[in-house]
Structure formats: structure tokens, C-alpha cells
Amino acid sequence: MIVTVFNTAIIVGATSGIGRALAELLVSHGCRVGVTGRRRELLDEIEQQHGDKVVCRQIDVDSPQEAMTALADLIAELVDVDLIVISAGTGTPNPDLAWEPEAATIATNVTGFAAMATAAMRYFLARGRGHLASLSSVAAFRGSHEAPAYNASKAFVSNYTEGLRIKAARSGKPIYVTDILPGFVDTRMAQGEGLFWVASPEKAARQIYDAIRARRSRAYITRRWRFIAFLLKILPDFIYRKF
């Protein structure tokens, strides 16, 4: 198993949750980290905590053109980026199908994600090497009556990530792409009853870090969620509809 060490990384969406835990883990391993997010006060907090080990930039992926320019500027400032992780995401239960939550989820998880992934892949193709990781979800495997846009958006993330992985392989360059599929993680997006196997952001970050360093194509977080993913794939529709 190949294990990679990263000197410089960028995490898109790292002011809280898994993204922040992963940024802090990378810093602890001696990596200089570019941190992006929407909330200026949280970026300031991270800068105060880590000093010149991090470079923080306020980026809103819901404004894709501006976000792509800002990401390119951050890459240029860091000079040579080994790893880009796209962790920005949103989602909320929406059983009444109000349009605003659906639109917000699609804007961030589909359009915003694709803008960041495209910019990152173009950079790595030009650089000739690198690693892109995307945070999807085990929810990508089936639709949801409680949060239709969220599950569908994560299916988009995983499918798009696979396309970029194929593109990287066909380039013949040492560019690696990892699809990260968490189950329940203790973040603000983990809402509702009946949650189980809930991991801390720190535990999730450790397993993500290990999967990326091993250059895995796909990683379930935590690992036991591979079993749930398998069940979701094979469960007949008439049974799945009852959940």
C-alpha cells in the first residue's frame, strides 16, 4: 500500500465539522493548509489558533465564478499544492418540499462542488500531479423522501468524482482522486431521529486522512458503513420505501 505525505493542502469548507477536523489533523502532521469557508469569524478563529501554518480565505461556493477565481488565487499563494479536499456541503430535512432548502442544497452541493472540483482538477492536470478528494455520503446510493435534494446531490458528487478519476487515469499522470462516503458524523447536518454509528469529526478525519494517504479510490467513513452501502445497493424498492 502506497502512503503519501502532503506538504501543502487546501480544504474547501473547513470552518467546522469534518473539514475543520481534517485541517487540524493535517496541520498536526506538518502540512501547511489553505482553509476556506463562508464565515469570516470562524476563519479568524482558525488563524488565531494556528498562525502561519494556515492560510485562510473567505470563499462562498454558491458564487461559483468568484469561488473559482478565489481558489486559483489561494493556490498561487501557496505555490505548490499537493492535496485539495472539497468538504463544503449543506443539507437539511425537507419533508414538505419547500423550494428554498432544495435550491440551497443544489447550489452548494452540485454547482458549487462542480466548480471547485473542476478548478482543482485543471490545476492538477497542469501541475502534472496531485490528489483531489471529495466528501460525498453513503446517502448517494438511494433517494430520500425526507431530503430529496441532499441524497441526489451526493449521488452527483460521487458520479462526478468518478468521472474525474477516470480523466486522471487517462492522463497518465500521477493524479489521484478519492471519493469519501461518510455515514453519520456528529456535525450540524446530522439531524433527525434514529441515528446510529455516529462518529466524531475527529475520528472521521483520521480515517479520511488514512484513506487519502493510501490513495484509495473510495472510502467509507467509518469503515463499517461499507456494510450499509452494500445493503442500500441491493435492498428491493418495495422494502426501501418503508423506511
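Here are three short exercises on the structure above, each with a worked solution.

This is a predicted model, where local features need pLDDT of at least 70, side-chain atom pairs count only at pLDDT 80 or more, and totals for chains, interfaces and linings use all residues. Residues are numbered from 1 along each chain as its sequence is written, and side-chain values use heavy atoms, with hydrogens and water left out.

**Exercise 1: aromatic pairs**

Work out how the rings of Phe 184 and Trp 225 are arranged, and which parts of the chain this pair links.

Step 1. Start with the rule: rings of Phe, Tyr and Trp (its six-membered ring) pair if their centres lie within 6.5 Å; planes under 30 degrees apart count as stacked, over 60 as edge-to-face and the rest as tilted.

Step 2. Searching the whole structure turns up six aromatic pairs. One to warm up on is Tyr 123 with Phe 124: the centres are 5.4 Å apart and the planes sit at 50 degrees, so this pair is tilted.

Step 3. Now for Phe 184 and Trp 225: their ring centres are 5.3 Å apart and their planes are at 90 degrees, so we call the pair edge-to-face.

Step 4. Look at where the two partners sit: Phe 184 is in the loop between strand E6 (175–182) and helix H6 (201–213), while Trp 225 is in helix H7, 41 residues apart, so the pair links distant parts of the chain. (Helices, H or I with at least four residues, and strands, E with at least two, are DSSP runs numbered from the N terminus.)

**Exercise 2: buried or exposed?**

Sort Phe 184, Trp 225 and Phe 227 by their relative accessible area.

Step 1. Grab the cut-offs: buried means under 20% relative accessible area, exposed over 50%, and partly exposed in between (1.4 Å probe, protein chains only).

Step 2. Trp 225 has 4%, so Trp 225 is buried.

Step 3. Phe 184 comes in at 27%, which makes Phe 184 partly exposed.

Step 4. Phe 227, at 48%, also counts as partly exposed. Phe 227 belongs to helix H7 (residues 225–234).

**Exercise 3: around Cys 56**

Find out which residues Cys 56 is in contact with, leaving aside its neighbours within four places in sequence.

Step 1. Locate Cys 56: strand E3 (residues 54–58) holds it.

Step 2. Check its cover: with 2% relative accessibility, Cys 56 is buried.

Step 3. List the contacts (heavy atoms within 4.5 Å): Val 35, Arg 40, Leu 43, Ile 46 and Glu 47.
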